[in-house]
Structures are given as structure tokens and as C-alpha cells.
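Dear colleague,

I am handing over the structure we spoke of, with the sequence beside it. Please look it over first; my notes on what was found follow below.

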Amino acid sequence: MSKLESPSQIDIAGPAARHTTTAVKVGGVTVGGGAPIVVQSMTNTDTADIKGTVAQVAALARAGSEMVRITVDRDEAAAAVPHIRDALNKRGIKVPLIGDFHYIGHQLLADHPACAEALDKYRINPGNVGFKAKRDTQFSTIVETAIKYGKAVRIGANWGSLDQELLTKLMEENATSANPREARAVTREAMVQSALLSAARAEELGLAKNRIILSAKVSAVQDLIAVYRDLAARSDYAIHLGLTEAGMGSKGIVASAAALSVLLQSGIGDTIRVSLTPEPNGDRTLEVQVGQEILQTMGFRTFVPLVAACPGCGRTTSTVFQELARDIQDFIRVEMPTWKTRYPGVENLNVAVMGCIVNGPGESKHADIGISLPGTGETPAAPVFVDGKKFTTLRGANIAADFKTMVIDYIERRYGVPGQTAAE
């Protein structure tokens, strides 16, 4: 049994009730207040490169990112923001844009009012919005700009750029305490206080609670879980979740899924980002896909049809089931942006691609449409099940292609809008 939870705390029947938070409008998207958990992402282009940034925002939005954050770090980037917004609007892409500000955000927003107006949300890091005497002035300037233009603000504390004055103060108090805590616990407390104190100051300045989102990102899974549980227990602000600097490849995916899943299962989190390090020249949209899959596999939302496929074993020496599962899954993800409007509800579809007779027929019956391919030594035939019943048996060299056609026909029949042709 985990040291973190007693048997009575473990909920195996389903997720806990969502933590009650204040709803925040970010462009046309609602965050918090019981709204569906939002998936967001961030570009890694130079924002001053208008064409490149527009292309990446468009790709992220097409992949399913419901908000996109862009870096605004200098005059050239701030000047580019309204042009980026205009170019996206011309493409019909209304995804909210979030400006990521550090160090000189107050100055950039003041010098570039068109940027301030074009963005839907400003992201402020309390640890580097300003230092010493300048901190409150520069923080206040950003908040007052948000009030002026009716924008939301994310106050995002970060382990790597924590308010050092606050941390030093808490460390000194802890050192003289009768029961001092370990340094990591004090650092976590500094994270929570940094976010809450900044939010309170924003409200003092006139920014409504329904314009504020909080985050407190760290890069260690257990620290992240502890910080967000504390933050949620001490406030009702909308909360953005993310494991910062999650890493590359399977490490980043597993770490993000582990951290976010525990919190989501506890009812914490209104919007998420999976901060993956892409491979060199890699596809940035992978972080969107992983975020969606975390929410979908846990049952919080549905984004794309699910493809169940067996892992393979000594009975499945053929690669046909692997190739078919991959092809079907890739085909679905590529087509989903079009299917969302053409086939309402298609995201609830379940497809099974199984590799032998052991679990193949059973899993196929549980899916909406499934195929059980022949394993080693089995008769070269592939039964196909539709809505729980055997529909046909495929044979020959074109089994994979025939099944793919059947999946498309099933989608058209079940989810197609009456009177709408395929060309539409």
C-alpha cells in the first residue's frame, strides 16, 4: 500500500468529483466552473517569424489544441502578434492565443497595445515579473492592462524560477521553527504562496476572480502532486496542470501521464498541457495527442475513436495486425478534423484489431467494429464483428484493405448526416 494513501482514500470506482473552481472565459473557451478539461499547447517557433508561427499554431489547433501559448519576449515578437491573429482569423482558426511574458512583459504590453488586444490571455510568472522594488509596479502594470482589455491572466509559479525573496523568508522561518520541515516541503509551500499571494494582489488591483487561472509547475511527479493538492485545497481559482520540463520521448509521456492522472482522478485540474521535449525537427503536435489521450483513456473526454490492439506474442508472428492497427489509428487521427463536423459523435467509436484467436473474437465483439486476424498456424481467415455480432469473414491477400473499407463504411452508415454526401 502506498504511503500516500490509505485504503479508504483509493477510489477504484471512478474519479472524484471535480474540485469546484471559478469559470474563466479565454476567447471562446471556458476554463473551470465544471466545463470540460481543456487541452492546450505552446509553440516553439520564433514568434517574430509570423509565417512559421501561424503554421505551427494552425497545426496545433488542427491536432486538437484548444488554446495555444506563444512566446512574447521582445519588441519584434510583440509586433508580430496582431499579424499572427489576423492570419489565423483569415484561415478560420479561432483558437485563443496566450502571450507568455517574462521579465519585460509590462513594457511590451504598454509599447504594443495591438499585441495586448490581440491576445486572449496573459501568462505571468511571479518569480520573474520583476525584482525587489519593481516587482509590484511591473506586476500591476500587466494586471491593469488585462483589466483594460478584458483579458484573462494565468499566474504561473514555476519551480525553476521561484520568487527567491519569498523562498528565503520561508526557509528562515522554517529554520527557527520548533518542528522544521524538509527543504522540499518549504519550497512547495513557497510555490503555493507565490501563486495565491499574486492572485490576491491581482484582485486588489481590480482583476475579477473569473479572469484568473493559477498554476504551480514543478518537474518531479510527487512534488507536483503535493503542490497542486495543496493549491486546490486553499483556493477556488481555475487551475492549469502541467509537469514542467517533462522530458523527451517515453520518459516525458510517462512522467506527465503519471502526475496528471493522479491529480485528475482527485478532481483537480481545469486545463492541461503536456510539456514534451520534441525530437530534433520533431512534430510539436505530439504533446496535444498525449494530452488528449490522457483525458480520453481516463474517461474525462472523447476526442478520437479508440483502437484496441493486442501487443503480440509467439502466436502472432505475422505483422499484418500491427500494420493494420497502425494504419487505422493514423488514418483516424489524420481524418478527425474533417470527421468532427461530417460525422457527429464519431469520436465515441471503438475499433479492435486483434492478432489471434485467443482474445481476438472476444475483444472484437466488445468493439463497435473489430477484426480477429489469423495467428501462427491458424486458418487464414479473419472474422469481422460489427456491433457485437459476427458480420463476415475476410480471406485472401487484401484482408487489411478490405477491413479499412469496412471501417469507413461503418462510420458513414452510423455517424453520417442524412442527406449529406461524402464529398460534402
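A residue is called buried here when its relative accessible area is under 20%. In that sense both faces of strand β16 are covered, since A381, P383 and F385 on one side are buried, as are A382, V384 and V386 on the other. Please keep in mind throughout that this is a predicted model.

To begin with the whole, the secondary structure of the protein chain comes to 13 helices and 17 strands. The C-alpha trace spans about 80 × 55 × 40 Å along its principal axes, and the radius of gyration of 25 Å agrees with the value near 22 Å that a compact globule of 424 residues would have. Of those 424 residues, 48% count as buried. If one takes the contacts between residues at least 6 apart in sequence, 66% of them join residues that are at least 24 apart.

The barrel

Eight strands close into a barrel with parallel pairing, and their order is β3-β4-β5-β6-β7-β8-β9-β11. A convenient place to enter it is strand β3, which covers residues 38-42 and is mostly covered, with five of its five residues buried. In general, the side chains of a regular strand alternate between the two faces of the sheet. In β3, V38, Q40 and M42 point one way while V39 and S41 point the other way, and all of them are buried.

On one hand, β3 is joined by three bridges to strand β4 (residues 67-71), and the two run parallel; here S41 stands opposite V68 of β4. On the other hand, two bridges join β3 to strand β11 (residues 271-272), again with the strands running parallel, and in β11 the bridge partner of V38 is T271. The link from β3 to β4 passes through helix α1 (residues 50-63), and the three elements make a right-handed β-α-β unit. Helix α10 (residues 286-297) lies across β3 and β11, where it runs at about 160° to β3.

The open sheet

Which strands form the open sheet, and in what order? There are five of them, in the order β13-β14-β15-β16-β17, and their pairing is mixed. Because β13 (306-309) and β17 (389-395) stand at the edges with a single partner strand each, one side of each is left without a neighbour in the sheet. From one strand to the next, the twist averages 15°.

Strand β16, with which these notes opened, belongs to this sheet, and since six of its six residues are buried, it is largely enclosed by the rest of the structure. Three bridges join strand β15 (residues 369-372) to β16 (residues 381-386), and these two run antiparallel; G370 stands opposite F385 of β16. Towards β17, β16 is joined by six bridges, also with the strands running antiparallel, and the bridge partner of V386 in β17 is K389. The hairpin of β16 and β17 has two residues between the strands, and D387 takes a positive phi near 50° there.

The nonpolar cores

In soluble globular proteins, nonpolar side chains tend to be buried together. In this model the largest nonpolar core has 108 residues, and those with the most contacts inside it are L214, L241, V353, I369, I371 and F403. Its largest share, eight residues, comes from helix α7 (residues 183-204). Apart from this core lies another, of ten residues, among them V26, V31, V38 and I98. V38 has thus been met already, as the residue of β3 whose bridge partner in β11 is T271.

As for I371, its contacts beyond the neighbours within four places in sequence include V353 and F403, as well as A382, P383 and V384. Those last three have also been met before, as buried residues of β16.

A residue in helix α5

Finally, is S140, which lies in helix α5 (residues 134-149), buried or exposed? S140 has a relative accessible area of 7%, and is therefore buried. Leaving aside its neighbours within four places in sequence, S140 is in contact with R201 and L205. The C-alpha atoms of S140 and A202 are separated by 7.4 Å, although the two residues lie 62 residues apart along the chain.

With kind regards

Notes
Residues numbered from 1 in each chain as written. Predicted model: local features only at pLDDT ≥ 70, side-chain atom pairs only at ≥ 80, totals over all residues. Heavy atoms only, no water. Buried < 20%, exposed > 50% of the residue type's maximum accessible area, 1.4 Å probe, protein only. Helix = DSSP H or I, 4+ residues; strand = E, 2+ residues; numbered from the N terminus. Pairing = 2+ DSSP bridges. Right-handed = clockwise from strand over helix to strand, strands pointing away. Contact = heavy atoms within 4.5 Å. Axes fitted to C-alpha atoms, helices over the stretch in contact; angles between N-to-C directions. Core = buried A, V, L, I, M, F, W, Y, C linked by side-chain atoms within 4.5 Å. Rg over C-alpha atoms; globule rule 2.2 N^0.38 Å.
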